[in-house]
Amino acid sequence: MSNGPLTGHSGYDARQIQCWIELLRARIALATARSRLADGERAPVEASLEATGAAVEEGLRIAREVGYGIYHIDLLLERAAWHLMRGDFRAATADVKTALQDGVHPPTESGLPTLIAATDEECNYACIAQGTQLLAEALLLQAAQLLGSQSFLLESSDASPEARRLIERAKAKLEECARFRKAIEDPRLGETEQALEALRGGILTRHPLSATTAQQTEAPAESAAASIFISYAHLDNQSADPQRRWLDRLLEHLTPLIRQEGLAVWSDRRMKTGDRWHEEIRRQLQRAKAAVLLISPAFLASEYIASDELPMLLKKAHGEGLKIMPVLISPSLFQRVRFRYDHPTDGPQEYLLSSLQAANTPSETLSELDEAGQNRVFVKLAEDLLDIVQGRAP
């Protein structure tokens, strides 16, 4: 089933092809990880899992920005399997639940498309069996972690009632999955039958028993306690040309500082499935020491940015000294637009955005510079942000 009926897109544009490629990369890397794990190659397994995670996140980003519903479901299920291989049954269960039941419904003002679930009557997408098996595997992993063992016989008396309930629920789900796959002649029926056979033989799981240990290799990224908040319009990161995806370009320059200096950066693409949209953004805004505004006509036109993000940033700049750093992406009304916010003690305030010191001038927006000139703007911005966070800025 193509993405067209769910998203209003027809044919295959460059972003859709890119999303499909990321899905394939994730599947290949995950299959490689499973093969290496079976051969006992621990270090290469971690490399394959890292590649899987990177591909899945990039694919999900594209799917959510553009609205590729089917790819979004497929990628969530791949990420659920990835979570299981890292020992995290909770995250795996959450991803399956979103893929099969909940979908993603961002607030209208966010500008992001709704992504429906696989069981939605508008979808009719036959991936329910895969999701059901992943739920069963998550239950078995939970039971194994509770027991402290990857194997267990139901006939044994050495188990808590909770572990037994988890195993029985998993067994029921696997049997349900097998019946469904047989009815639709799913070629993956053998996988479910193998899982049932392993369970009858006392094998609960081959996944790690410690989620903490499994996640120790996770690369540092935009952390929950962010020092730098990035505000941008999603339209400015959706170009088919990677050089015109301005959030990606900025993060590319910040990544060495994230890795080397522990710089903590946050943008809404880091929100996890199930996060409360408004609450999470407000929480990150409150924690920020600096904010980057990627200014464009789309940014200035965004109702959500104008009514939620900017008023909070300006209030924090007024009262707590938050540093706000605009980056001018393309010609806009940056020099004329005013924003209003309510200050708790000084009352209503009006702020001319151009009174902020921008990283570049209105006559030299990023879209008007060559690549080297763009990189110089990003490098200077990254250095200034590091100085602010480390307390070296005036």
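**Note on the second largest pocket, helix α14 and strand β1**

1. The second largest pocket holds about 1,100 Å³ of space. A pocket is an open set of points on a 1 Å grid over the protein atoms alone, where a 1.4 Å probe fits, with protein on both sides within 12 Å along at least five of seven lines. The volume is the space filled by probe spheres set on the points, joined across faces, edges and corners. Its lining (residues with an atom within 4 Å of a point) counts 34 residues, and Arg34, Gln133, Glu137, Glu191 and His207 are the closest to the centre. Two or more lining residues come from each of α2 (14–38), α4 (69–85), α6 (128–147) and α8 (189–200).

2. This is a predicted model: local features need pLDDT of at least 70, side-chain atom pairs count only at pLDDT 80 or more, and totals for chains, interfaces and linings use all residues. Residues are numbered from 1 along each chain as its sequence is written, and side-chain values use heavy atoms, without hydrogens and water.

3. Helix α14 covers residues 371–389 (helices are DSSP runs of H or I, at least four residues; strands are runs of E, at least two). Its buried residues (under 20% relative accessible area, 1.4 Å probe, protein chains only) include Phe378, Leu381 and Leu385. The buried residues of α14 pack against β1 (228–231), α10 (246–261), β3 (290–295) and β4 (323–328), with contact meaning heavy atoms within 4.5 Å. Just after α14, Gly391 has a positive phi of about 80°.

4. In β1, Ile228 and Ile230 point one way, Phe229 and Ser231 the other, and all are buried. Strand β2 (residues 265–266) runs parallel to β1, joined by two bridges; strands pair if DSSP finds at least two. Val265 is the bridge partner of Ile228.

Technical notes. The expected span of a helix is 1.5 Å times one less than its number of residues. Buried means under 20% relative accessible area, exposed over 50%, partly exposed in between (1.4 Å probe, protein chains only).
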